[in-house]
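Biologist: Hello! Could you walk me through this structure, one question at a time?

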Amino acid sequence: MSNHSGGRMLNKVLNMLNQEQVFASVDQSKKQSIIREIVNLASWQYDCNSGEILEGLTDEFEMCYGCLESSNNLEDGLCENCRSQF
């Protein structure tokens, strides 16, 4: 059972940080590293779902929610490799 409320809460926090341009001064690879760390912590220790955490943000962060790798070829938040697996 996934921690849906935790995932949605983190999504709202990331949206707020993004709207306030907290990530604006950080280069894309560092931004992705920070997001990856947040998602991994939430997924492994708090049973949150990466898709819920990154919903609506994958294009902005250029990250696949399935594998958390950098990609600008996303469809519904998934990179080409993850789309072929699901």
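Biologist: Against which helices do the buried residues of α2 pack?

Modeller: Happy to start there, with the reminder that this is a predicted model. In α2, the buried residues are K31, Q32, I35, V39 and A42. Their packing partners are α1 (4-19), α3 (50-53) and α4 (58-61).

Biologist: Within what arc do the buried residues of α2 fall, seen down its axis?

Modeller: The residues in question are K31, Q32, I35, V39 and A42. They line one face of the helix, because their directions, seen down the axis of α2, fall within an arc of 100°.

Biologist: Which exposed residues does the face turned away from the buried side of α2 carry?

Modeller: Exposed here means over 50% relative accessible area. On the face of α2 turned away from its buried side, the residues that count as exposed are S29, E37, W44 and Q45.

Biologist: How far apart are the end C-alpha atoms of α2?

Modeller: Take the 19 residues of α2 at 1.5 Å a residue, and the helix should span 27 Å. The model agrees with that, its end C-alpha atoms being apart by 26 Å.

Biologist: Which residues does Q32 touch, leaving out those up to four places away in sequence?

Modeller: Q32 sits in α2, which covers residues 28-46. With a relative accessible area of 6%, Q32 counts as buried. Beyond its sequence neighbours up to four places away, Q32 touches F61, E62, M63 and S70.

Biologist: Which helix gives the most residues to the largest nonpolar core?

Modeller: That core has 13 residues, and those touching the most other members are L14, I35, V39, I53, L54 and F61. Two or more residues come from each of α1 and α2. The most, 3 residues, come from α2.

Biologist: And L54, what does it touch, not counting residues up to four places away in sequence?

Modeller: L54 is one of the core residues that touch the most other members. Outside the residues up to four places away in sequence, L54 touches N11, L14, I35, V39, F61, Y65 and L68.

Biologist: How many disulfides does a search of the whole structure find?

Modeller: A disulfide needs two cysteine sulfur atoms within 2.5 Å. For C67, the nearest cysteine sulfur is that of C79, at 3.8 Å. For C82, the nearest is that of C64, at 3.6 Å. Neither C67 nor C82 is in a disulfide, and the search of the whole structure finds 0.

Biologist: Is C82 buried or exposed?

Modeller: The cut-off for buried is under 20% relative accessible area. C82 has a relative accessible area of 5%, so C82 is buried.

Biologist: Which residue forms a salt bridge with E75?

Modeller: The count comes to 1 salt bridge. E75 is partly exposed, at 48% relative accessibility, and its partner is partly exposed too, at 23%. The closest N and O atoms of the pair are 3.7 Å apart, within the 4 Å cut-off, and the partner of E75 is R83.

Biologist: One more, then: which residues is E52 in contact with, leaving aside neighbours within four places in sequence?

Modeller: E52 is found in α3. Its relative accessible area is 16%, so E52 counts as buried. Leaving aside the neighbours within four places in sequence, the contacts of E52 are S2, N3, H4, G7, R8 and N11.

Note on methods
Residues are numbered from 1 along each chain as its sequence is written. This is a predicted model: local features need pLDDT of at least 70, side-chain atom pairs count only at pLDDT 80 or more; totals for chains, interfaces and linings use all residues. Side-chain values use heavy atoms; hydrogens and water are left out. Buried means under 20% relative accessible area, exposed over 50%, partly exposed in between (1.4 Å probe, protein chains only). Helices (H or I, at least four residues) and strands (E, at least two) are DSSP runs, numbered from the N terminus. Contact means heavy atoms within 4.5 Å. The expected span of a helix is 1.5 Å times one less than its number of residues. The arc is that of the directions from the helix axis to the C-beta atoms. A nonpolar core is a set of buried Ala, Val, Leu, Ile, Met, Phe, Trp, Tyr and Cys residues joined through side-chain atoms within 4.5 Å. A salt bridge is a side-chain nitrogen of Lys or Arg within 4 Å of a carboxyl oxygen of Asp or Glu.
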